[in-house]
Amino acid sequence: MALYSSLLFAAFLGCGLAEFNVVTTRLCREVDASACTVNEVRIDPCVNSRLCHLKKGKNAKVSFDFTPQFSTTKLKTGLFGLKNGAEIPFDALYNADACTLTSCPTEAGKTQTLDFSLHIGKKLPTGNFEFKWKLWNEDNESQMCCYRTNVRLV
Ligand SMILES: *[C@@H]1O[C@H](CO)[C@@H](O)[C@H](O)[C@H]1NC(C)=O
């Protein structure tokens with residue numbers, strides 16, 4: 001139901017605000033989902049919300065709302081490409097200080113937003129691509145927010 005309504009919402013947004021879309025995401029299997037909820041992920045530009053088409057050599061803005069169930073001043077983040085089940089880290093966002101991208105300290109139960117402008121490298125392969133975004137407490141890595149989503153690199 002939540003998935004369906006967010007798809008509808010994305011379709012609605014698609015009519016008015018041409019290129020800013022809510023994308024569908026999946027949970028990360030290995031992460032305890034009770035530690036954090038990722039409420040909504042937006043990618044701009046994203047013409048088709050079912051599968052955003054991102055242009056290589058350009059920037060894309062990724063923004064997401066999350067509700068951690070933990071408090072920390074040491075929030076770390078990382079972005080990974082997934083290939084045959086393996087995680088390939090992106091140099092641009094590897095073990096990075098997330099407090100520069102969202103407010104710190106986090107507060108348990110309080111929703112906040114993280115924004116990141118991502119450069120899509122020209123050397124990345126063209127085609128469908130799955131990525132995983134992680135956000136965790138450096139003092140306790142079982143306190144982690146995590147989601148996966150698909151995009152198409154063109
Ligand atoms: C780490 O986080 C988990 C999940 O919130 C919690 O159950 C555990 O007690 C924490 N460990 C420490 C050492 O604080």
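In this predicted model, the charged end of Lys 134 is placed over the ring of Phe 80, at 4.9 Å from the centre of that ring.

Contacts between aromatic rings can be followed next, and the count of such aromatic pairs comes to six. Among them is the pair of Phe 64 and Phe 66, which is tilted, with 5.8 Å from centre to centre and 50 degrees between the planes; both Phe 64 and Phe 66 are buried. Phe 64 also meets Trp 133, and because the planes of these two rings stand at 70 degrees, with the centres 5.4 Å apart, the pair is edge-to-face. Since Phe 64 belongs to strand S5 (residues 59–68) and Trp 133 to strand S10 (residues 127–137), this pair ties together parts that are 69 residues apart in sequence. Phe 64 and Trp 133 are both buried. Taken further, ring pairs link Phe 64, Phe 66, Phe 116, Trp 133 and Tyr 147 into a cluster.

Turning from rings to enclosed space, rolling a probe the size of a water molecule over the atoms shows where empty space is left. The count here comes to one cavity of 30 Å³ or more, and the largest cavity has a volume of about 70 Å³. Its lining includes Leu 54, Leu 79, Phe 90, Leu 118, His 119, Phe 129, Phe 131 and Val 151, while strand S9 (112–119), S10 and strand S11 (140–153) are the elements that give two or more residues to that lining. By residue class, the lining of the largest cavity divides into 10 nonpolar residues, one polar and no charged.

Notes:
Residues numbered from 1 in each chain as written. Predicted model: local features only at pLDDT ≥ 70, side-chain atom pairs only at ≥ 80, totals over all residues. Heavy atoms only, no water. Phe/Tyr/Trp six-rings, centres within 6.5 Å; stacked < 30°, edge-to-face > 60°. Buried < 20%, exposed > 50% of the residue type's maximum accessible area, 1.4 Å probe, protein only. Helix = DSSP H or I, 4+ residues; strand = E, 2+ residues; numbered from the N terminus. Lys NZ or Arg CZ within 6 Å of the ring centre and 35° of its normal. 1 Å grid on protein atoms, 1.4 Å probe; cavity = no way out; pocket = protein on both sides within 12 Å on 5 of 7 lines; lining within 4 Å. Points joined across faces, edges and corners; volume = space filled by probe spheres on them. Nonpolar A, V, L, I, M, F, W, Y, C, P; charged D, E, K, R; others polar.
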